[in-house]
Amino acid sequence: MSLFDIEDIKVKPDIVCTYPDPTVPANAAIIIDNGSYQCRAGWASKESPSLSFKNVLAKPRKDRSKKDAELTVQPAVQIGNDIANIEAVRFQLRTQFDRNVVTHFHIQEQIFDYLFGKLGINTNGSIKHPVLLTECVANPNYSRSLMAELMFECYGIPGISYGVDSLFSFRTNSSVKDGLVISCGYHATHVIPILNGRMIEDKVRRINLGGFNMINFMFRLLQLKYPVHVNAITLSRAETMIHTYCSVAYDYLESLKNWACLEYYDQNVIKIQLPYNQAASAPVLTAEQRVEKRKELSRRLAEINLRKREEKLAQDNILLSRMIAAEENLDDDNVSLTLQEFGVNNTEELKKSIVTLKDRVTKATQKMNAPQNSQEEEKPRFLQPPSNMTIPEWVQETRRKRDEILDRKQSRKQRRQDLAKRRTAAAQERMRIISHLAKKEKGVDDFGMRDEDWDVYKSISRDGDSDSEAENEKLIECEEILKQHDSSYVEPTTSVGNIAEFHQLHIGVERIRVPEILFQPSIIGIHEAGLAGTIDYVLKLFPRKDLDKMIGNILLTGGCANIRGFKERLTRELQQLLPFQSVFKLQVASNPTMDGWKGASQFAMSEQFRQSLITRQMYDEFGGEYFKEHSASNYYCQTPSNSELNESFN
């Protein structure tokens with residue numbers, strides 16, 4: 001079991017490259033690997049692309065609360081690595097792709113503006129470099145036509161050539177012309193057979209499944225597993241977890257059995273620490289602190305009472321002296337006024353009041369002059385068991401009493417929580433009793449006249465069943481006994497729980513379950529064959545002679561090929577589906593993510609690239625869908641005219 005901090009994807013804004021670059025020839029081609037996940041662009045003469053960014057843009061929404069006159073500055077569109085926090089603009093992201101086919105060319109134009117601008121190209125009116133652009137397998141003619149129109153009409157390029165990124169990767173990693181390419185991309189997975197250096201297009205098979213589906217699957221699994229952390233679980237973090245912690249199981253069913261074992265789970269589960277802010281809360285007092293606080297309150301109360309008694313004694317002394325003086329000076333003229341002043345009817349009552357007041361003053365004086373109780377702290381006393389019990393028996397009995405008190409306190413707490421909720425059994429019973437009491441006849445209000453009514457009141461009151469002071473004192477006493485005589489006793493923590501542990505994600509069986517959708521798409525409800533079944537289907541379309549050529553050079557490429565254990569699992573699947581004693585060779589591309597661009601860069605330095613360029617003149621003559629075939633391209637299938645379509649229907 002390991003604990004890791006969450007790793008958020010951090011990007012650096014792309015810088016504007018120097019143009020013209022002295023290390024780049026004047027007529028060098030621009031290589032654009034236009035992937036549905038990442039776009040990589042650079043010069044053909046370099047070993048790595050100058051730009052690599054997510055193929056998305058974020059377009060800020062217009063603030064409807066402001067008038068048009070107030071919007072003096074239009075917010076800029078953010079593209080690729082200029083988006084510092086992609087989750088903050090997740091709902092504003094736009095892409096030019098529908099799965100892996102370019103369909104939104106107004107977005108593609110903005111991506112190209114960003115791309116050419118970051119390459120530093122500042123020539124007005126046109127771009128004076130040919131372009132090698134990657135496209136998906138079996139790209140529709142209409143999409144290619146609009147792409148050519150954008151390139152020639154908007155950017156004025158001198159020429160363009162198209163190729164398939166996975167075939168460029170095959171060209172880089174293979175020295176033979178026959179093979180089988182398994183391309184696991186962001187939105188789709190392709191199984192591409194290659195014979196004599198050319199893709200057999202009619203036997204290519206596609207699975208509508210890729211890295212995008214795995215990210216969403218991990219995202220949903222974690223959100224369902226941890227609904228309280230739904231805001232902290234993002235698509236970017238799910239993507240990071242897949243690349244960092246997930247692996248393809250060699251034997252999925254056997255791995256599931258292992259994960260069902262608690263010991264295996266504890267040893268292999270990955271704990272992810274989410275960021276959190278620990279709110280400052282009032283400290284919870286221990287039992288000793290509560291006792292000390294009560295003593296302090298008692299001392300303060302004694303001081304307040306003493307001050308009040310002193311004030312009362314002073315008032316009584318003044319009143320007594322006045323009454324004694326009035327008694328000595330009584331005469332017939334002012335007797336009525338004197339009696340009225342002290343609130344008595346005759347002289348006898350005045351004398352009785354004087355005697356009573358003297359006694360009260362004497363008692364108060366004696367109480368004030370009595371020695372005060374010592375305020376020194378009492379030393380903690382060492383508790384001893386009763387004479388009829390041994391210490392172990394006493395400890396066991398004390399532990400039982402403590403557990404009973406805690407159970408009662410917990411049940412009362414749970415009941416208060418249940419009463420606060422609407423649909424619990426306790427709340428429904430409370431409403432039933434209240435409605436029963438409300439059915440009594442008007443004018444009859446005798447509730448509370450009987451002792452049993454108190455039990456009814458406690459059953460419907462949310463606060464009536466509270467913890468008693470005597471019970472709390474008994475609990476403190478039990479804990480003190482256990483602390484003195486039970487060596488195994490652990491004092492309960494005063495915090496409400498470890499906040500850090502509450503903000504942790506446990507990645508267990510998800511580590512193998514998410515990548516498994518490539519082999520079992522039914523896990524996420526996609527009714528298609530998995531990768532192994534699709535490979536088996538494609539290989540059965542060829543005779544044994546061609547099959548042996550292809551399985552002798554199987555290449556695994558695409559971003560998903562970076563997942564650990566992919567090669568081993570695919571090797572196991574191939575051993576099961578290939579004919580007996582078949583010899584095959586499976587290799588993973590040296591860089592599954594970048595080899596498509598590198599292969600295109602190598603191709604752009606060859607004579608074959610110059611022969612495959614479509615110039616502006618060819619574009620005007622043959623249309624935008626036309627292109628020249630080469631070893632890493634699609635096949636050109638001309639779109640039939642309306643007359644040809646009518647003849648075919650007739």
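1. Strands β5 (residues 57-58) and β7 run antiparallel and are joined by 2 bridges. In this pairing Leu57 lies opposite Arg94 of β7. The model is a predicted one.

2. The two strands belong to an open sheet of 3 strands, ordered β6-β5-β7, in which the pairing is antiparallel. The edges are taken by β6 (78-79) and β7 (93-94); each has a single partner strand, so one side of each has no neighbour in the sheet. As background, strands of a sheet pair through backbone hydrogen bonds, in either a parallel or an antiparallel way.

3. Helix α1 (residues 105-118) meets helix α2 (residues 141-154), with axes that come within 11 Å and cross at roughly 45°. The two helices are therefore oblique to each other. The crossing of α1 past α2 is right-handed. On the α1 side the contact is made by Phe105, Gln108, Glu109 and Phe112. On the α2 side, Ser143, Leu146, Met147, Leu150, Met151 and Cys154 take part. Sorted by class, the contact of α1 with α2 holds 7 nonpolar, 2 polar and 1 charged residues.

4. A second helix pair is formed by α3 (residues 165-173) and α20 (residues 595-604), which pack at an angle of about 75° with their axes 7 Å apart. Angles from 65 to 115 degrees count as roughly perpendicular, and α3 is therefore roughly perpendicular to α20. From α3, the residues in this contact are Asp165, Phe168, Ser169, Arg171, Thr172 and Asn173. They meet Asp595, Gly596, Lys598, Gly599, Ala600, Gln602 and Phe603 in α20. The contact of α3 with α20 divides into 3 nonpolar, 6 polar and 4 charged residues.

5. On class, the two helix contacts can be read side by side. For α1 with α2 the count of nonpolar residues is 7 and that of charged residues is 1. For α3 with α20 the corresponding counts are 3 nonpolar and 4 charged.

6. The count of salt bridges comes to 27. One pair to look at is Glu471 with Arg408, whose closest N and O atoms are 3.0 Å apart. This pair links distant parts of the chain, since Glu471 is in helix α14 (residues 469-485) and Arg408 is in helix α11 (residues 391-420). The two residues are 63 residues apart.

Note on methods
Residues numbered from 1 in each chain as written. Predicted model: local features only at pLDDT ≥ 70, side-chain atom pairs only at ≥ 80, totals over all residues. Heavy atoms only, no water. Axes fitted to C-alpha atoms, helices over the stretch in contact; angles between N-to-C directions. Helix = DSSP H or I, 4+ residues; strand = E, 2+ residues; numbered from the N terminus. Parallel < 35°, antiparallel > 145°, perpendicular 65-115°, else oblique. Left-handed = near helix turned anticlockwise from the far one by under 90°. Contact = heavy atoms within 4.5 Å. Nonpolar A, V, L, I, M, F, W, Y, C, P; charged D, E, K, R; others polar. Pairing = 2+ DSSP bridges. Salt bridge = Lys/Arg side-chain N within 4 Å of Asp/Glu carboxyl O.
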